[in-house]
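Colleague: Pick out the helix packing in this model and walk me through it slowly. I'd also like a look at a few of the loops and buried spots around it.

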Amino acid sequence: MSTSPAPDALLGPADIRELAAVLGVRPTKQRGQNFVIDANTVRRIVRTAEVRPDDVVVEVGPGLGSLTLALLETADRVTAVEIDDVLAGALPATIAARMPERVERFALVHSDAMRVTELPGPAPTALVANLPYNVAVPVLLHMLETFPSIERTLVMVQAEVADRLAAGPGSKVYGVPSVKANWYAEVKRAGAIGRKVFWPAPNVDSGLVSLVRRTEPIRTTASRREVFAVVDAAFAQRRKTLRAALAGWAGSAARAEEALVAAGVSPQARGEALTVEEFARIAEAAPDRETSADSPPPRRKDSE
């Protein structure tokens with residue numbers, strides 16, 4: 001006997017509004033809540049994410065469960081991380097009502113995704129999420145750092161954020177998110193999402209971003225923290241040359257120039273022209289690195 005979910009298991013516009021009314025849920029701008037109300041869209045996201053029957057998927061911000069149900073149709077297991085008290089309380093019942101045969105393959109973590117350091121069950125192999133616009137980049141980078149078992153990621157974010165994440169050196173929108181995402185993965189735009197598939201409809205366009213974990217990490221003796229410190233400094237004053245922008249990081253403009261020359265990077269270049277590998281080389285050439293590596297600086301927010 002087949003255990004595949006019923007065709008009408010996914011949530012449609014009427015289902016979403018009814019569920020929200022019953023729960024007394026009103027999407028809030030504070031948490032960037034825009035619920036997907038189109039079953040074709042969530043199935044498209046699952047296809048684009050290349051979710052496989054053996055995947056253990058982690059989803060951040062499941063909301064009312066639109067994408068969660070679509071993921072459960074295909075994946076072996078789905079773990080959803082939800083910060084909202086009401087939504088977290090209601091989601092297990094929604095799964096049980098619409099996909100009872102998949103209940104044991106679903107787990108809920110009621111927490112802020114930025115504070116999650118472990119997940120129940122097998123290690124996740126994929127991250128698929130409709131990320132709230134206001135926290136998309138820090139949440140994405142936190143999950144990639146915390147769960148190295150995640151091989152493939154597909155996130156739906158504001159189109160502008162998608163462009164930044166997928167940008168390459170030389171692009172006007174290339175910056176901190178671009179470099180830090182590229183530290184972990186090969187990043188590319190994977191499609192656009194219209195406004196009408198959301199409730200409420202946002203006043204911005206959305207885009208899909210695909211991140212495939214590097215099979216070989218960036219070759220460097222510098223730590224992630226050391227490399228990211230250089231990235232943060234370079235883009236904090238992105239209009240300045242690296243010699244000037246990295247003066248605070250190195251201790252002086254002269255010492256910054258020495259590190260840049262040692263790394264094979266022009267002191268007159270700007271951060272927007274550098275690859276993640278070049279940032280790593282600069283980190284390796286940091287003045288007094290032997291002592292600074294023993295007491296690394298406080299961790300900065302990856303979205304800065």
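**Helix packing, pair by pair**

Modeller: α2 and α3 are oblique to each other; by angle, under 35 degrees counts as roughly parallel, over 145 as roughly antiparallel, 65 to 115 as roughly perpendicular and the rest as oblique. Bear in mind that this is a predicted model, where local features need pLDDT of at least 70 and side-chain atom pairs need 80 or more, while totals for chains, interfaces and linings use all residues. Residues are numbered from 1 along each chain as its sequence is written, and side-chain values use heavy atoms, leaving out hydrogens and water.

Two packed helices are described by the angle between their axes and the distance between the axes. For α2 and α3 (residues 66-74), the axes cross at roughly 50° and come within 9 Å. The axes are lines fitted to C-alpha atoms, for helices over the stretch in contact, with angles from 0 to 180 degrees between N-to-C directions. The elements are DSSP runs numbered from the N terminus: helices are H or I with at least four residues, strands E with at least two. The α2/α3 crossing is right-handed (the near helix is turned clockwise from the far one by less than a right angle; anticlockwise would be left-handed). On the α2 side you'll find Val-42, Arg-43, Ile-45 and Val-46, meeting Ser-66, Leu-67, Ala-70, Leu-71, Glu-73 and Thr-74 of α3 (contact means heavy atoms within 4.5 Å). That contact splits into six nonpolar, two polar and two charged residues. Here Ala, Val, Leu, Ile, Met, Phe, Trp, Tyr, Cys and Pro count as nonpolar, Asp, Glu, Lys and Arg as charged, and the others, Gly among them, as polar.

Just up the chain from there, have a look at Pro-62, in the loop between β2 and α3. Pro-62 is buried, with a relative accessible area of 6% (buried is under 20%, exposed over 50%, partly exposed in between, using a 1.4 Å probe and protein chains only). Leaving out residues up to four places away in sequence, Pro-62 touches Thr-68, Ala-80, Val-81, Glu-82 and Leu-91. Leu-91 sits 29 residues away in sequence, with 8.3 Å between the two C-alpha atoms.

On the other side of α2, Glu-50 belongs to the loop between α2 (39-48) and β2 (56-60). Glu-50 has a phi near 55°, a positive value in a residue other than glycine. With 55% relative accessibility, Glu-50 counts as exposed.

Now swing over to α8 (residues 224-236), which has two partners to look at. With α7 (residues 176-184), the angle is about 160° and the axes are 10 Å apart. The two are therefore roughly antiparallel, and α7 passes α8 in a right-handed crossing. α7 brings Val-176, Val-179, Lys-180, Trp-183 and Tyr-184 to the contact, and α8 brings Arg-224, Val-227, Phe-228, Val-231, Asp-232 and Phe-235. By class, that's eight nonpolar, no polar and three charged residues.

α12 (residues 276-284) is the other partner: its axis comes within 8 Å of that of α8, and the two cross at roughly 105°. So α8 and α12 are roughly perpendicular. Glu-226, Val-227, Val-230, Val-231, Ala-234 and Phe-235 of α8 make this contact with Phe-279, Ala-280, Ile-282 and Ala-283 of α12. The residues here divide into nine nonpolar, no polar and one charged.

Val-227 is worth clicking on. Not counting residues up to four places away in sequence, Val-227 touches Trp-183, Ala-222, Phe-279, Ala-280 and Ala-283. Among the 58 residues of the largest nonpolar core, Val-227 joins Leu-131, Leu-211, Leu-246 and Phe-279 in touching the most other members. (A nonpolar core is a set of buried Ala, Val, Leu, Ile, Met, Phe, Trp, Tyr and Cys residues joined through side-chain atoms within 4.5 Å.)

For another buried spot, go to Leu-140 in α5 (residues 136-146), which is buried at 1% relative accessible area. Beyond its neighbours within four places in sequence, Leu-140 contacts Leu-127, Leu-131, Thr-153, Val-155, Leu-165 and Leu-211.

One last loop: Trp-199 and Pro-200 are joined by a cis peptide bond, with omega about -10°. Pro-200 is in the loop between β8 (198-199) and β9 (206-213). Arg-26 lies 174 residues from Pro-200 in sequence, yet 9.4 Å from it, C-alpha to C-alpha. Arg-26 is exposed, at 73% relative accessible area, and is found in the loop between α1 (13-23) and β1 (35-36).
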